[in-house]
Amino acid sequence: MTLEWMAWTPITASFFIFIGLVLMGMTVWQIVSPTVESKGFLPMPTTRGDRLFIGLLGSCYILLAWIGLTELSLWIALALCFLFLGLTLRFG
Amino acid sequence: MRINLRQAALLAYLFFLLLPIYWLVNMSFKETDEILGVFSLLPEHFTWANYKMIFTDPSWYTGYINSIKYVAMNTVISLSVALPAAYGFSRFSFMGDKHMFFWLLTNRMSPPAVFLLPFFQFYQTVGLFDTHIAVALAHCLFNVPLAVWILEGFMSGVPREIDETAFIDGYSFPRFFFTIFIPLIRAGIGVTAFFCFMFSWVELLLARTLTTVNAKPIAAVMTRTISAAGMDWGGLAAAGVLTMVPGVIVIWFVRNYMAKGFALGRV
Amino acid sequence: MSKWEDNKAWFLVLPVFLVVAFSAIIPLMTVVNYSVQDILGPGDRVFVGDEWYRDVLTDFRLHEALWRQIVYSFCVLAIEVPLGIGVALTLPKKGWGVSACLVLLALPLLIPWNVVGTIWVVFSRPDIGLTGVTLNNLFGIPYNFTANPVHSWLTVLIMDVWHWTPLVILLCYAGLRAIPEAYYQAAKIDGASRFAVFRYIQLPKMRGVLLIAVLLRFMDSFMIYTEPFVLTGGGPGNSTTFLSQYLTKMAVGQFDLGPAAAFSLVYFLIILLFSYIFYTVISSFDKGEA
């Protein structure tokens with residue numbers, strides 16, 4: 001059995017490796033210092049994992065909106081995503 | 001007995017519910033000429049020919065056998081992996097448990113159409129295409145989360161003291177689980193099996209896409225007849241009636257717990 | 001929470017994780033891979049970046065299908081939830097009628113989805129169907145769901161109501177059964193009206209199951225495929241083509257792997273967002289209750 005049917009490309013592979021690394025990092029972080037539920041600018045109290053999920057999901061929507069509405073380079077959108085992810089993780 | 005407004009409303013609803021089913025059953029006992037030519041509320045020439053056709057034509061009855069095979073496989077797989085997991089979710093809090101639970105639920109919520117393409121490619125690559133186990137595994141996508149969800153609700157209803165007492169009495173975990181705990185949640189297992197059976201039985205999209213000949217489910221056999229030009233309405237109706245039979249049998253066994261099954265699960 | 005803290009519980013969850021990962025994560029990764037490439041054949045593919053996404057997001061037929069889907073899901077909820085509550089209230093509380101009603105009510109849920117479609121085809125066809133013939137001949141209404149978009153819409157909607165309202169009823173009924181008899185007696189002593197009992201006792205107690213019902217009905221109606229496929233085939237025109245049908249047509253019918261994959265992901269993200277909102281609302285509601 002080969003992996004050819006999955007049609008991997010460098011970009012998608014690095015995307016999943018990135019997600020995997022983030023998840024591992026979050027696990028280690030959780031072991032080192034367990035998260036406390038806190039209330040930020042989001043409407044409900046969240047843990048670190050919740051904020052990560054909201055950040056990632058929000059990033060997907062930013063990218064989709066960018067592609068759907070503008071013709072500009074995706075790198076700008078990607079930068080926006082990281083900014084959003086950082087903000088949610090820190091202040092969400 | 002005086003029938004009040006409430007009962008009348010209920011009866012009206014049940015009438016609406018049964019009317020289409022009545023029409024299907026009615027049609028299954030008619031000859032094709034009568035279906036197309038005469039409009040009659042009861043069959044004028046009552047006939048078993050449509051049913052006889054299904055039970056003697058292999059392309060029809062193997063469809064039933066295929067469906068029952070993969071539904072049974074799926075129910076067994078779903079239950080056996082969901083039981084320990086539901087116990088884990090109901091008794092322990094562990095790292096990432098809430099996210100895990102949500103992730104499981106998203107699979108119940110995601111459209112099967114999304115997974116159609118990769119399943120198709122994947123099963124063809126590993127040579128499982130057009131086998132019963134392929135459909136059974138594909139249906140695990142939505143049945144396993146559902147099973148975990150329902151079982152977790154039932155298990156949370158069992159007081160934790162029972163586990164503690166058993167462990168103090170020197171029961172090992174497997175012995176406790178199989179001899180004490182499983183009998184306690186019999187009803188829950190029954191309801192879960194019912195829901196797994198039901199959702200695997202009624203699903204068509206994945207079952208149809210992942211099979212061609214050997215594991216073709218009855219539902220797909222029926223769509224083939226629909227797309228054919230000269231239609232055999234009577235046979236189609238008879239096949240439809242027969243697909244309801246297993247459901248009715250299963251439902252009779254769990255009728256008292258059925259409503260509970262959905263309501264108990266935490267979302 | 002009165003639960004044991006123990007990360008070893010992961011071993012109990014592991015089998016489920018593996019099974020679902022096998023049938024969810026690997027396919028999802030594949031979809032992501034497909035969505036950025038033009039798959040020309042086995043081993044022959046070209047990286048195209050965001051092209052498919054741009055196509056999908058600016059495809060007006062898809063926007064139409066999405067709007068149709070949203071309107072449809074909204075109609076389904078607006079009819080089925082009140083009807084479900086209403087019928088659940090009329091169900092008997094004890095006696096042989098309970099089992100009989102529950103079995104009858106659950107019947108439509110157990111019929112394979114394409115047979116549901118078939119039932120409604122033979123039930124509504126203007127030449128051989130009961131409603132079709134009755135409406136046309138007795139009332140003189142030129143009803144024909146294969147030619148008139150409005151009729152086909154109504155038929156698909158009524159079919160869904162027929163098919164899925166029982167689920168809402170069963171859930172509400174389970175919620176109603178959980179109300180202690182003492183509540184009703186207290187209300188009787190206070191001389192509360194029938195409406196007051198419903199508004200202040202029954203409805204609040206049903207809130208939990210109602211949320212589940214809304215969640216399930218929303219999701220399932222949002223990914224409806226088989227029933228309209230059999231009943232109307234998405235027509236006349238595209239008037240009953242919903243998202244899943246559009247996607248299936250792309251993926252299996254035309255074998256446009258790339259665009260279908262991009263569409264799948266957009267579809268999946270929409271569902272994911274809605275489930276997350278529902279899930280958060282419900283679980284924060286549960287916490288408030290406890």
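This is a short walk through a predicted model, one selection at a time.

**Stop 1: the two parts of chain B**

Colour chain B by domain, with residues 1-47 as domain 1 and residues 58-264 as domain 2. Put a marker on the C-alpha centre of each, and you'll find 32 Å between the two markers. The two domains do meet: eight residues of domain 1 of chain B are in contact with seven residues of domain 2 of chain B.

Now stay on the domain 1 side of that meeting place. Select helix 1 (5-28) and helix 2 (32-37) of chain B, since each of them supplies at least two residues to the side that touches domain 2. Helix 1 of chain B makes the largest contribution there, with four residues. Colour that side of domain 1 by class and you get four nonpolar, two polar and two charged residues.

**Stop 2: where chain B meets chain C**

Next, bring up chains B and C together. Their contact takes in 79 residues of chain B and 79 residues of chain C. Keep helix 1 of chain B selected, because it comes up again: with 11 residues, it provides the largest share of the chain B side. What sort of residues make up the side of chain B that touches chain C? Here the count is 62 nonpolar, 11 polar and six charged.

While both chains are on screen, pick residues 92-93 of chain B and residues 4-5 of chain C. These are strand 1 of chain B and strand 1 of chain C, running parallel and joined by two bridges. Zoom in on B:Ser93 and look across to C:Glu5, which stands opposite in strand 1 of chain C.

**Stop 3: the largest nonpolar core**

Hide the cartoon if you like and show side chains. The largest nonpolar core has 162 residues, and the members that touch the most other members are B:Ala82, B:Val148, C:Val122 and C:Cys172. Select helix 7 (residues 132-156) of chain B to see the largest share of this core, 17 residues. Domain 1 (1-47) and domain 2 (58-264) of chain B both give residues to the core, so it lies between them.

Centre on B:Val148 for a closer look. Beyond its neighbours within four places in sequence, B:Val148 is in contact with B:Ala82, B:Ala85, B:Ala86, B:Phe89 and B:Leu104, and also with C:Val16 from the other chain.

**Stop 4: where chain B meets chain A**

Swing round to chain A. Seven residues of chain B and five residues of chain A take part in this contact. On the chain B side, helix 6 (residues 112-126) gives the most, with four residues. By class, that side of chain B splits into three nonpolar, four polar and no charged residues.

**Stop 5: a loop residue with positive phi**

From helix 6 of chain B, follow the backbone towards helix 7 and stop at B:Asp130, in the loop between the two helices. Check its backbone angles: phi is near 65 degrees, a positive value in a residue other than glycine. Is B:Asp130 buried, exposed or partly exposed? There are 16 other C-beta atoms within 10 Å, so B:Asp130 is partly exposed.

**Stop 6: a leucine in chain C**

Finish in chain C with helix 3 (residues 60-90), and select C:Leu83 within that helix. C:Leu83 counts as partly exposed because it has 15 C-beta neighbours inside 10 Å. Now add C:Val161 and C:Thr165, which C:Leu83 touches once residues up to four places away in sequence are set aside. Draw a C-alpha to C-alpha distance from C:Leu83 to C:Thr165: they are 82 residues apart in sequence, yet 7.3 Å apart in space.

Definitions and conventions
Residues numbered from 1 in each chain as written. Chains lettered and ligands numbered in written order. Predicted model: local features only at pLDDT ≥ 70, side-chain atom pairs only at ≥ 80, totals over all residues. Domains from an automatic or database assignment. Nonpolar A, V, L, I, M, F, W, Y, C, P; charged D, E, K, R; others polar. Pairing = 2+ DSSP bridges. Core = buried A, V, L, I, M, F, W, Y, C linked by C-beta atoms within 7 Å. Buried ≥ 20, exposed ≤ 12 C-beta atoms within 10 Å, placed from the backbone.
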